[in-house]
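Student: Please take one helix of this model and go through it closely. What surrounds it, and which of its residues face inward?

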Amino acid sequence: MTLSDVARLAGVSVATASKALNARAQVAPATRQRVLQAAAELSFQPNALARGLISGRTRTIGLLTDELAGRFSIPILLGAENALGNEQMSVLLCDARGDAIRRQHYIRTLLARQVDGFIIVGDSNDVRPSLTPDIPVPVVYVYGESTDPSDLSVLADDEGGARLAIEHLVALRRRRIGHITGPQSYRAARDRVVGLRKVLAEHGLPLAGHEPLYGEWSQRWGRHAARTLIATDPTVDAIFCGNDQIAAGVTETLHDLGRRVPDDVAVVGYDNWEVISADCRPPLTTVDLNLQHLGATAVTHLFAALDGRRPSGVIRQPCRLVVRESTGPAAHP
């Protein structure tokens with residue numbers, strides 16, 4: 001079926017049918033409804049390629065990631081795809097797998113397909129080199145901050161996420177709070193320590209064990225570090241962990257040592273990776289990065305850039321605390 005068929009059935013000109021289907025203001029409501037009804041009866045679908053040639057847009061976005069196999073990119077992609085779908089736009093996904101040559105190949109491939117813009121997804125919430133000089137269409141960076149301050153980067157607020165966790169523990173009358181996290185080389189780990197220290201200082205509380213325990217993002221590290229922390233400071237009554245895997249390892253060791261969770265020691269994780277957090281014994285209180293919302297926010301700002309408004313700088317999106325059974329009020333006053 002063609003536009004001419006729709007126009008003939010609706011009893012209007014081809015130009016009027018086109019205006020009605022594209023929601024142009026020059027068409028009377030009754031005429032628009034007649035055209036829409038005719039299009040529905042004929043199962044007419046506008047030619048997206050032709051629309052792109054007329055508007056100069058393909059209504060397609062390129063999403064370039066370095067970490068498709070990981071657990072951060074997929075929720076971001078889902079949030080972005082949902083926001084794009086609401087605007088009847090499509091996304092083309094490419095995974096560079098951390099390879100610079102592969103990344104440049106995909107940039108050229110997506111540009112050859114005439115995408116309207118790019119969303120660049122980082123493999124960590126860290127600073128990354130700007131790719132904007134190689135891309136002549138609008139770009140938004142998500143879960144990774146561009147080195148160019150004129151770019152727009154949408155990040156999870158790790159310092160704020162740590163603040164949520166520690167304020168929750170303090171409100172539960174926990175006074176000997178330790179911290180076990182991943183490698184110090186990760187910006188996210190360092191930012192969470194900043195938030196932790198600020199809240200403890202505001203309440204005049206020391207950090208149990210004196211210093212954060214940096215290590216791996218693994219349950220094995222959580223098990224090992226929990227023994228170290230308890231040996232260093234047996235009075236620990238809460239442990240804030242850098243991710244949910246570490247927290248799961250911590251709860252295992254606490255159980256082995258005869259410490260009840262949360263009665264004796266409250267435990268908070270990070271990321272809300274439900275495969276771990278909801279299945280942990282007991283289920284973990286944790287900080288959710290709101291990754292799907294992160295992807296949707298990136299799309300919103302990319303739309304603004306496509307409309308000629310070029311935002312720049314860094315947007316830190318708030319996290320949220322998900323409270324489960326691994327935290328509760330302290331037994332002591």
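Tutor: The buried residues of helix H5 are covered by, among others, strand E1 (60-65), strand E2 (90-95), strand E3 (117-121), strand E5 (139-142) and helix H12 (291-306); contact here means heavy atoms within 4.5 Å. The model is predicted, so local features need pLDDT of at least 70 and side-chain atom pairs pLDDT 80 or more, while totals for chains, interfaces and linings use all residues. Residues are numbered from 1 along each chain as its sequence is written, and side-chain values use heavy atoms, without hydrogens or water. Helices (H or I, at least four residues) and strands (E, at least two) are DSSP runs, numbered from the N terminus.

The residues of H5 that are buried (under 20% relative accessible area, 1.4 Å probe, protein chains only) are Ser73, Ile76, Leu77, Gly79, Ala80, Ala83 and Leu84. Viewed down the axis of H5, they fall within an arc of 165° (taken from the directions from the axis to the C-beta atoms), so they line one face of the helix.

As for length, H5 has 14 residues (73-86) and should span 20 Å at 1.5 Å a residue; its end C-alpha atoms are 20 Å apart, which agrees. The expected span is 1.5 Å times one less than the number of residues. After H5 comes Gln88, with a positive phi near 55°.

Helix H10 (residues 244-256) can be set beside it. In H10, 10 of the 13 residues are buried, so this helix is largely enclosed by the rest of the structure. Those buried residues pack against strands E8 (177-181), E10 (238-241), E11 (266-271) and E12 (285-288), and helices H9 (219-232) and H11 (274-277). H10 is followed by Gly258, whose phi is positive, near 80°.

Key. Buried < 20%, exposed > 50% of the residue type's maximum accessible area, 1.4 Å probe, protein only.
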